2 protein chains.
Amino acid sequence: MSRGRIDKRQAILEAAFRTFARDGYGQSCVREIAAEAGVAKPTVYNHLGDKETLFREAMQAAVGRTTADALAALEWLREPDGEVRDALENAGYWLLRSHCCADFQALRWLLHAEAARFPDLLDDFQRNGAERLHEALADRLARLALGGRLNIGDPDRAGEQFLALLTGPMERRSRLATREVPDTELRSLARAATDTFLCAYAAS
Amino acid sequence: MSRGRIDKRQAILEAAFRTFARDGYGQSCVREIAAEAGVAKPTVYNHLGDKETLFREAMQAAVGRTTADALAALEWLREPDGEVRDALENAGYWLLRSHCCADFQALRWLLHAEAARFPDLLDDFQRNGAERLHEALADRLARLALGGRLNIGDPDRAGEQFLALLTGPMERRSRLATREVPDTELRSLARAATDTFLCAYAAS
DNA sequence: ATCTCTTTGAACCCGGCGGTTCAGTAAGCG
DNA sequence: CGCTTACTGAACCGCCGGGTTCAAAGAGAT
């Protein structure tokens, strides 16, 4: 307990992310974050010291949380027993779900909005989030191609296009995270993306 | 000239968009906008009355400017004489260029960042920008399908996927508008998107 | 030249927020 | 019981930015 009780710190970070996600960085005042955490304002400064580092800490925690979800969706592509089509569709569906959840949407929004003020956070997200997902997806697709279940020349490009076919139409439906996309729509989006993807990359 | 000289108003709006695009809404102070426009601060308030309406006016002008560019790219799909592949690739390339230009990137960034404070602006952009592009693209594709040059069941879905295949990979390359994407890369992105699109929708 | 309307610059008010200080309190611990 | 450490609440400072006011200075038209 070098710097106060550890649970208070945790509560502050969670409250901070909630508040930032709701109001944005500029519109969130530390008073409110402290209130949301059920804590006095000096306690916040005692633990985190600064509004900037408070933001950084809260965001980095969120990056770790959300990337795990996205990577987990790729497990559907690990040595599927049945049809490749089903595996792709399921993976696509869960990828869409992970991209739809409130935390992920808020994270993307904040990173994008504050990219000028916090370029390092954006870098961190690209490297430890987006790029790791692309790599893992390319790996899975390469395995499937090697096993003769897909016909892929460039796994990186194929993965990129699969993600694009999934998330592009979804962002149109969600209207930049303004609208909640119902589950049945997510399913049909995953199906449409899989259909087109397989037209291009099905095993010959 | 009900409210002062008309050219001053124009200069103020242009300076406003430049400043907002550079620093964001919250970080732009009216002092700076006035200075950028070569005008005194009360003049700004005399013409636009408010920082909010200043923002609204500047943004709506930008929406009109940029959507025209995107729609112009679709002219490549109007009754192509040569190969459909070439028409698609050219249209894709120019669509990417229009999505890459500084104004469009800034517009998207500002809309996304301030969506909570200005939901009406986002609505306007969706209706008069994004949706009109989707409709026009679907129309072009339907024509090509009717002429037997493509094999498309649902033109709306096909257009959506074409745009996704274009912009998805590009946004990865541009790292949320942080990096300038070179022209040759845009070309190869358009080619890759066209290839995959044609695998799914080439005339049988 | 005169009248009117716009513009200017500078000062000013006001509210909000980041960050600090401080006296007091609760809690764990010997 | 006393010591230490964490926490609280409230007041406080300084700064900045939106918006206004006002007297003085152009600039156009007749």
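UniProt positions are given here in the numbering used for this structure, and such annotations may be inferred rather than shown by experiment. Keep that in mind as you work through these exercises on a predicted model.

**Exercise 1. Find the annotated regions of chain A and describe their secondary structure.**

Step 1. Start with the record: an unreviewed UniProt entry places the feature "DNA-binding region" at residues 29-48 of chain A. The feature "domain: HTH tetR-type", also from an unreviewed entry, is placed at residues 6-66 of chain A.

Step 2. Now look at the model. Residues 29-48 of chain A are 80% helix and 0% strand, with 14 Å between the end C-alpha atoms. For residues 6-66 of chain A, the values are 82% helix and 0% strand, and the end C-alpha atoms lie 22 Å apart.

Step 3. Zoom out to the whole chain. Chain A has nine helices and zero strands, which reads along the sequence as α-α-α-α-α-α-α-α-α. Its C-alpha atoms fill a box of roughly 65 × 35 × 30 Å along the principal axes.

**Exercise 2. Work out which parts of chain A the salt bridge between Arg18(A) and Glu36(A) ties together.**

Step 1. Recall the chemistry: side chains of opposite charge can pair when their charged atoms come close.

Step 2. Check the distance. In the pair Arg18(A) and Glu36(A), the closest N and O atoms are 2.8 Å apart, and the cut-off for a salt bridge is 4 Å.

Step 3. Place the partners. Arg18(A) belongs to helix H1 (residues 6-23) of chain A and Glu36(A) to helix H2 (residues 30-37) of chain A, so the salt bridge links parts that are 18 residues apart in sequence. Over all chains, the structure holds 40 salt bridges.

**Exercise 3. Describe the interface of chain B and chain A.**

Step 1. Begin with its extent. Contacts join 29 residues of chain B to 29 residues of chain A. The two chains bury about 3,000 Å² between them, and 54% of that is on carbon and sulfur atoms. On the chain B side, His112(B), Arg172(B) and Leu176(B) lose the most area to chain A, together 24% of what that side buries.

Step 2. Turn to the polar pairs. Eight salt bridges are found across this interface. One of them joins Glu160(B) to Arg172(A), with the closest N and O atoms 3.1 Å apart. There are also 15 residue pairs in polar contact across the interface, both residues being at pLDDT 80 or more.

Step 3. Assign the contacts to helices. Helices H6 (102-113), H7 (119-146), H8 (155-174) and H9 (183-201) of chain B each supply at least two residues of the side that touches chain A. H8(B) gives the most, with ten residues.

Step 4. Sort the residues by character. That side of chain B divides into twelve nonpolar, eight polar and nine charged residues.

**Exercise 4. Identify the symmetry that relates chain B to chain A.**

Step 1. Two copies of a chain are related by a rotation about an axis and a shift along it.

Step 2. Here, a rotation of 180 degrees with 0.0 Å of shift along its axis superposes chain B on chain A, with an RMSD of 0.1 Å. This is therefore the relation of a two-fold axis.

Step 3. Locate the axis on the chain. Ala113(B) comes closest to the axis among the residues of chain B, with its C-alpha at 2.3 Å.

Step 4. Compare the two sides. The same surface serves both copies, since 100% of the contact residues of chain B recur in chain A.

How values were computed: Residues numbered from 1 in each chain as written. Chains lettered and ligands numbered in written order. Predicted model: local features only at pLDDT ≥ 70, side-chain atom pairs only at ≥ 80, totals over all residues. Heavy atoms only, no water. Contact = heavy atoms within 4.5 Å. Buried area = accessible area lost by both parts, 1.4 Å probe. Salt bridge = Lys/Arg side-chain N within 4 Å of Asp/Glu carboxyl O. Polar contact = N/O pair within 3.5 Å; in protein donor to acceptor, adjacent residues only side chain to side chain. Helix = DSSP H or I, 4+ residues; strand = E, 2+ residues; numbered from the N terminus. Nonpolar A, V, L, I, M, F, W, Y, C, P; charged D, E, K, R; others polar. Least-squares fit on C-alpha atoms with pLDDT ≥ 70 in both.
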